[in-house]
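Biologist: I have a protein model open and would like to learn how to read it. Could we go through it together, one question at a time?

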Amino acid sequence: MPLTFTFDPVVTPELRDGILDLWADVTNAGGAVGFVPPVTTDEIRPGLVRQLVAMAEERSRLLVGHDEQGRVAATAFLTLNTHRLMTHWIWLYTVMVHPRHQGKGYGRDLLAAAEEAARTLDGVEAIRLTCRGGLGLEHFYASCGYKEVGRVPGAIRVAPGDDRDDVVLLLPLA
């Protein structure tokens with residue numbers, strides 16, 4: 001059964017906790033979403049609070065996917081550029097699908113829903129995202145239409161002696 005996506009949902013305590021659980025579960029399963037396992041929801045909470053503040057300031061928008069049981073199963077944050085010369089594209093951050101749902105095509109569904117949401121934003125012509133190299137994520141994004149437009153070697157230090165490339169990808173909406 002497909003996920004149900006909501007753009008700009010009301011953030012309730014249940015949604016907040018669902019996102020925290022998702023973020024921890026994705027990280028602890030090896031997902032590259034800003035943390036290194038093992039991690040707890042308490043360690044992730046400050047990152048989510050920053051995202052929620054950006055939403056309250058209308059700098060970021062939330063896309064959430066719920067599974068058939070109503071649990072948070074996927075998220076992405078669409079973040080607007082504040083620089084006046086870059087308002088024609090947005091960032092896509094914290095793209096996550098719960099490990100129990102991976103391999104079902106939900107990642108593609110999430111990216112399609114993010115593209116659809118971005119198309120509703122005035123003046124937005126492209127989506128930009130970055131991913132951690134060494135995991136093959138850039139190949140997944142490429143299969144969804146994103147083009148690699150840059151790479152910064154060793155920009156992400158996962159652990160001492162484990163530096164990964166920061167891969168920049170772009171999806172034109174025109």
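Biologist: Let's start with a single residue: does D8 count as buried, partly exposed or exposed, and which is it by relative accessibility?

Modeller: Happy to help, and keep in mind that this is a predicted model. D8 sits in the loop between β1 (4–7) and α1. Buried means under 20% relative accessible area and exposed means over 50%, with partly exposed in between. D8 has 35% relative accessibility, so it counts as partly exposed.

Biologist: What is the phi of D8, which is not a glycine?

Modeller: Most residues other than glycine have a negative phi. D8 goes against that habit, since it is not a glycine and yet has a positive phi. The value is about 60°.

Biologist: Which residue in strand β4 has a positive phi too, and is it buried or exposed?

Modeller: Look in strand β4, where T94 is found. Its phi is near 50°, a positive value in a residue other than glycine. With a relative accessible area of 15%, T94 is buried.

Biologist: Where is the cis peptide bond, and what is its omega?

Modeller: Most peptide bonds are trans. To find the cis one here, go to the loop between α1 (13–28) and α2 (41–56), which holds P38. The bond runs from P37 to P38, and its omega is near -5°.

Biologist: Let's turn to N81. Is it buried or exposed?

Modeller: N81 lies in the loop between β3 (72–80) and β4 (89–97). Leaving aside neighbours within four places in sequence, N81 is in contact with M86, T87, W89, I90 and W91. Its relative accessibility is 14%, so N81 counts as buried.

Biologist: Which backbone oxygens does the side chain of N81 reach?

Modeller: There are two to look for. A polar atom of the N81 side chain lies 2.9 Å from the backbone oxygen of M86. The side chain of N81 also reaches, at 2.5 Å, the backbone oxygen of W89.

Biologist: And which backbone nitrogen does the side chain of H98 reach?

Modeller: First find H98 in the loop between β4 and α3 (106–119). H98 is buried, with a relative accessible area of 8%. Beyond its neighbours within four places in sequence, H98 is in contact with L22, D25, V26 and A73. At 3.0 Å, its side chain reaches the backbone nitrogen of R100.

Biologist: Now the whole protein: in what pattern do the helices and strands follow each other?

Modeller: Begin with the count, which is 4 helices and 7 strands. Then read along the sequence, writing α for a helix and β for a strand. The pattern is β-α-α-β-β-β-α-β-α-β-β.

Biologist: What radius of gyration does the protein have, and why does it agree with a compact globule?

Modeller: The C-alpha trace spans about 45 × 40 × 30 Å along its principal axes. For 174 residues, a compact globule would have a radius of gyration near 16 Å. The protein agrees with that, because its own value is 15 Å.

Biologist: Among contacts between residues at least 6 apart in sequence, what share joins residues at least 24 apart?

Modeller: Such contacts link parts of the chain that are separated in sequence. Buried residues, for their part, make up 42% of the 174 residues. The share of contacts you asked about is 57%.

Biologist: Last one: how far apart are the centres of the positive and negative side chains?

Modeller: The protein has 17 positive and 22 negative side chains. Take the centre of each set and compare the two places. They lie 3 Å apart.

Note on methods. Residues numbered from 1 in each chain as written. Predicted model: local features only at pLDDT ≥ 70, side-chain atom pairs only at ≥ 80, totals over all residues. Heavy atoms only, no water. Helix = DSSP H or I, 4+ residues; strand = E, 2+ residues; numbered from the N terminus. Rg over C-alpha atoms; globule rule 2.2 N^0.38 Å. Buried < 20%, exposed > 50% of the residue type's maximum accessible area, 1.4 Å probe, protein only. Contact = heavy atoms within 4.5 Å. Lys, Arg positive; Asp, Glu negative; His and termini not counted. Charge placed at Lys NZ, Arg CZ, Asp CG, Glu CD. Polar contact = N/O pair within 3.5 Å; in protein donor to acceptor, adjacent residues only side chain to side chain.
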